[in-house]
Amino acid sequence: MALTRMQMAGWGLADMGIVTFVVIKQLLVLAFMTNYLGVPIATAGVLTTSILLFDIISDPIIGSKSDRTQSRFGRRAPWLFWGAVVMVAGVIGIFAVPDGFQLGGNLTWVAVAFVVATVGFTMCAIPYGAMAGEMTQNPKERSVMTGWRMAFASIGILIGGALIPGLAGTTKEGHLMAAIYVSPLIIGAIWLSLLMTRNAPRIDVPSQNSIVESISLVLTNKAFVILVLLYGVMTLAIAVITAGLPFAALYLILDNGETALSGAASGLGTLSLMFACFVVGAILSQVIWVLLSHRLGKLGALILGLCLYLVLLGTIYMALPSVNVTAIAVLFIFAGFTNGAYQQIPWAMFPDLMDVTRKETGDAIEGAFSAIWLFGQKVANAIAPLFLALVLGVFGWKETTTGFVEQTDSAIEALRFCITLLPAGILLLAILGLALIYRPVATDYLARR
């Protein structure tokens with residue numbers, strides 16, 4: 001049965017809420033601790049990475065439990081419904097650190113709230129990814145679904161990367177109020193998605209496999225495992241960039257007040273303006289990446305997008321530091337366009353591989369597949385802030401409680417390298433892996449669908 005446009009758009013809508021948290025944890029938590037709680041950057045990096053690594057452990061547990069859930073709303077809906085509430089409670093808690101705490105108190109408070117938020121995120125993200133495999137087995141419908149997903153995810157990126165920093169301003173209290181203001185948007189997107197997809201095809205019969213049996217079955221799908229690892233490599237590059245952007249907005253993208261977007265940078269804040277431009281590019285790219293996926297194949301379109309990303313990062317490296325905020329904003333529009341390939345296409349690729357295992361074994365373990373799919377992404381997101389923090393720490397990056405402090409030239413240059421040439425090199429490894437390792441294996445697997 002063909003999906004309706006409302007069902008495909010409804011599935012994509014949930015990611016607006018989910019991605020908002022992804023951006024918050026990648027973009028704001030490390031900088032919040034370093035800039036407003038006085039936490040040394042290496043310590044903040046270790047804490048962030050430790051909690052995100054803990055989050056990985058919960059993935060297969062929740063994935064398998066969602067496969068075995070039985071309810072009148074289906075296997076996935078209860079997890080998404082309650083996960084949204086838990087995630088929002090944790091997000092508010094991260095920024096609600098009471099005044100007067102010393103370093104240990106600040107770290108403990110943030111750690112507990114961050115754990116709650118990441119558990120809620122997993123309760124949403126794993127069942128959400130599983131729905132892509134249940135709703136349809138048509139590759140073209142999946143490309144359209146992921147186009148909707150990326151369009152709404154772009155709005156989530158705008159909320160997490162532009163709206164929240166704009167509302168937060170330059171104070172600790174502002175971050176808390178911003179989190180409170182956007183919480184209804186996060187919950188509303190996920191709950192409305194459940195309403196719009198309530199009549200979509202789904203598999204209601206719970207799996208009888210144990211966690212170990214489900215994960216073992218997933219790992220026999222060699223093409224899927226390779227794609228998971230390569231998607232993790234891509235995510236590492238993007239996550240390093242994202243973790244460094246709050247610092248770049250303060251120290252690398254300066255406004256001389258004389259360009260077309262100077263007023264916007266002054267009113268919104270440089271970081272918010274850059275993310276707004278990024279989202280414009282991402283939204284404009286969605287139809288193009290769907291069409292290119294149909295024309296070149298999903299793999300060909302993905303490789304093209306990553307190659308364009310390499311060129312863009314090299315251009316940004318040469319442009320920074322800059323006092324021309326308009327020129328950098330234009331580059332961020334192109335960044336959103338190229339990032340659209342990374343965000344959209346792999347999510348349309350992995351369910352095609354999942355179909356092979358279901359066809360050959362008869363087991364509907366989409367939750368387990370979704371858990372493993374997010375494994376590489378979560379490992380990369382966990383490593384990135386620690387890696388960036390350690391590199392900047394080596395070059396003498398200074399923490400503060402006032403939002404800004406003068407940095408050394410070597411620290412500034414390290415930041416410039418970490419958000420441009422370093423991720424470009426990582427993306428090059430992903431491109432080679434897709435072309436030389438993944439392509440021949442996937443061709444054989446997809447022939448068996």
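**Exercise 1. Place Thr242 and state whether it is buried or exposed.**

Step 1. Find the element. Thr242 sits in helix α8, residues 222–251. Helices here are DSSP runs (H or I, at least four residues), numbered from the N terminus. This is a predicted model: local features need pLDDT of at least 70, side-chain atom pairs count only at pLDDT 80 or more, and totals for chains, interfaces and linings use all residues. Residues are numbered from 1 along each chain as its sequence is written, and side-chain values use heavy atoms, with hydrogens and water left out.

Step 2. Check accessibility. Buried means under 20% relative accessible area, exposed over 50%, and partly exposed in between (1.4 Å probe, protein chains only). Thr242 has 10% relative accessibility, so Thr242 counts as buried.

Step 3. List the neighbours. Contact means heavy atoms within 4.5 Å. Leaving out residues up to four places away in sequence, Thr242 touches Gln26 and Leu27.

Step 4. Look at the side chain. One of its polar atoms lies 2.9 Å from the backbone oxygen of Ile238.

**Exercise 2. Describe the largest cavity.**

Step 1. Search. Rolling a probe the size of a water molecule over the atoms shows where empty space is left. On a 1 Å grid over the protein atoms alone, a cavity is a set of points where a 1.4 Å probe fits but cannot get out; lining residues have an atom within 4 Å of a point. The whole structure has two cavities of 30 Å³ or more.

Step 2. Give the volume. The largest cavity holds about 550 Å³ of space.

Step 3. Find the centre. The lining has 40 residues, and the closest to the cavity centre are Gln26, Ile238, Thr242, Phe278 and Asn339.

Step 4. Name the elements. Those giving two or more residues to this lining include α1 (5–36), α4 (103–135) and α8. The largest share, eight residues, comes from α8.

Step 5. Sort by class. The lining divides into 28 nonpolar, eight polar and four charged residues. Ala, Val, Leu, Ile, Met, Phe, Trp, Tyr, Cys and Pro count as nonpolar, Asp, Glu, Lys and Arg as charged, and the others, Gly among them, as polar.

**Exercise 3. Do the same for the second largest cavity.**

Step 1. Its volume is about 50 Å³.

Step 2. Its lining residues include Lys25, Gln26, Ala239, Ala243 and Asn381.

Step 3. Helix α13 gives the most, three residues.

Step 4. By class, this lining has five nonpolar, two polar and one charged residues.

**Exercise 4. Check the length of helix α11 and find its packing partners.**

Step 1. The expected span is 1.5 Å times one less than the number of residues. Helix α11 (residues 298–319) has 22 residues, so it should span 32 Å.

Step 2. Compare. The end C-alpha atoms of α11 are 32 Å apart, which agrees.

Step 3. Pick out buried residues of α11. Among them are Leu299, Leu302, Leu306 and Tyr309.

Step 4. The buried residues of α11 pack against α5 (139–168), α8, α10 (270–296), α12 (325–361) and α15 (421–446).

**Exercise 5. Describe Arg416.**

Step 1. Arg416 belongs to helix α14, residues 409–418.

Step 2. Its relative accessibility is 15%, so Arg416 counts as buried.

Step 3. Beyond residues up to four places away in sequence, Arg416 touches Leu252, Tyr317, Met318, Leu320 and Pro321.

Definitions and conventions. A polar contact is a pair of N or O atoms within 3.5 Å; within protein, one must be able to donate a hydrogen and the other to accept it, and residues adjacent in sequence count only if both atoms are side-chain atoms. On a 1 Å grid over the protein atoms alone, a cavity is a set of points where a 1.4 Å probe fits but cannot get out, and a pocket is an open set with protein on both sides within 12 Å along at least five of seven lines; lining residues have an atom within 4 Å of a point. Grid points are joined across faces, edges and corners, and a volume is the space filled by probe spheres set on the points.
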